[in-house]
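Please look at the sequence and the three-dimensional structure shown below. The paragraphs after them lead the reader from one residue to the wider architecture of the chain.

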Amino acid sequence: MAGLGVLGTFAGLFGAAYWVGQNILGGLTILEPAVGVVLVVFGLLVVFDMAPSLSVALPKRPTGLTGFGIFGAGYALAAAGCVAPVFLGVVTQAMTMDVLPAMLIVASYVGIIVVLMVALTVATGVGLVANAGWIANHTKAIERLAGAVMIIAGLGQIYLALFVNTY
């Protein structure tokens, strides 16, 4: 059911992107270096334990099929935001093709996201149960490692935007 939430959300996102059109999406590439800079800055804040607290009390997730569907939809929105350049690349590439190849590209992208979401969710659940004590004991080191990964991702994004993806 969570996979269906992902499918529905991405179908809506792709539809909205198609409606907006290729001309506007092409102009968004100007944001790629800015996203890289934001990732580097936020990564540095995390590494040096200066990041703002982003704790938010979450409501209790509904149980049952509806809850899993909502979880999948939320996951899809978060995933699309995290990989916006890839998402926009898939959308713009699909819009330059005939209907059938475009649908195959979009279906492949969404299928991969669904498989990754389900696999990551199961692995996280199993890993948290098995290693809860270890994770709790190493939270600061894990956070700093995540900050370093953000810095690397930001530098990579800046490099790609300025030197590789020169549209």
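**A guided reading of the structure**

Asp49 is partly exposed, with a relative accessible area of 44%. The model in which this residue is seen is a predicted one. Asp49 is found in the loop that runs between helix 3 and helix 4. Its backbone deserves attention, for phi of Asp49 is near 55°, a positive value in a residue other than glycine. Most residues other than glycine have a negative phi.

The same loop between helix 3 and helix 4 also contains Pro52. The relative accessibility of Pro52 is 49%, and Pro52 therefore counts as partly exposed, the category that ends at 50%. In sequence Pro52 and Phe42 are 10 residues apart, while in space their C-alpha atoms are 9.5 Å apart.

The side chain of Asp49 leads to the next topic, that of charged pairs. Side chains of opposite charge can pair when their charged atoms come close. How many salt bridges does a search of the whole structure find? The search finds two. In one of them, the side chain of Asp49 meets that of Lys140, with 3.2 Å from N to O. Asp49 belongs to the loop between helix 3 (32-47) and helix 4 (65-82), whereas Lys140 belongs to helix 7 (residues 139-164), so this salt bridge ties together parts that are 91 residues apart in sequence. Lys140 is partly exposed, its relative accessible area being 43%.

Lys140 also forms a salt bridge with Glu143, and here the closest N and O atoms are 3.5 Å apart. Both Glu143 and Lys140 lie in helix 7, at a separation of three residues, which is about one turn of the helix. Glu143 has a relative accessibility of 34% and so counts as partly exposed, since that category lies between 20% and 50%. Through shared partners, the salt bridges join Asp49, Lys140 and Glu143 into one network.

Helix 7 itself may now be followed along its length. Helix 7 has 26 residues, which at 1.5 Å a residue should span 38 Å; the C-alpha atoms at its ends are 36 Å apart, which agrees. Which residues of helix 7 are buried? They are Gly147, Ile151, Gly154, Gln157 and Ala161.

Helix 7 also carries two aromatic residues that form a pair. The structure holds one aromatic pair. Its members are Tyr159 and Phe163, whose ring centres are 5.6 Å apart and whose planes make an angle of 40°, a tilted arrangement. Because Tyr159 and Phe163 are four residues apart in helix 7, about one helical turn separates them. Are these two residues buried or exposed? Tyr159 is partly exposed, with a relative accessible area of 48%, and Phe163 is exposed, at 60%. The two fall into separate categories because exposed means over 50% relative accessible area.

From these residues at the surface, the reader may turn to the interior. In soluble globular proteins, nonpolar side chains tend to be buried together. The largest nonpolar core of this model has 12 residues: Phe10, Phe14, Ala76, Ala80, Phe87, Val90, Val91, Met95, Tyr109, Val110, Ile113 and Val114. Helix 1 (2-20), helix 4, helix 5 (84-95) and helix 6 (99-137) are the elements that give two or more residues to this core.

A residue of helix 5 that can be compared with this core is Val86. Val86 is partly exposed, with a relative accessible area of 45%. In sequence Val86 is 23 residues away from Tyr109, and in space the two are 9.7 Å apart from C-alpha to C-alpha. Tyr109 is itself one of the residues of the largest nonpolar core.

Finally, the chain may be viewed as a whole. The chain contains seven helices and zero strands, and its pattern, read along the sequence, is α-α-α-α-α-α-α. Of its 167 residues, 23% count as buried. The chain exposes about 11000 Å², of which carbon and sulfur atoms supply 76%. Among contacts between residues at least 6 apart in sequence, 82% join residues at least 24 apart. The salt bridge of Asp49 and Lys140 offers an example of parts distant in sequence being tied together, for those parts are 91 residues apart.

Key
Residues numbered from 1 in each chain as written. Predicted model: local features only at pLDDT ≥ 70, side-chain atom pairs only at ≥ 80, totals over all residues. Heavy atoms only, no water. Salt bridge = Lys/Arg side-chain N within 4 Å of Asp/Glu carboxyl O. Buried < 20%, exposed > 50% of the residue type's maximum accessible area, 1.4 Å probe, protein only. Core = buried A, V, L, I, M, F, W, Y, C linked by side-chain atoms within 4.5 Å. Phe/Tyr/Trp six-rings, centres within 6.5 Å; stacked < 30°, edge-to-face > 60°. Contact = heavy atoms within 4.5 Å. Areas by Shrake-Rupley, 256 points an atom, 1.4 Å probe, with all protein chains shown as cover. Expected span 1.5 Å × (residues − 1).
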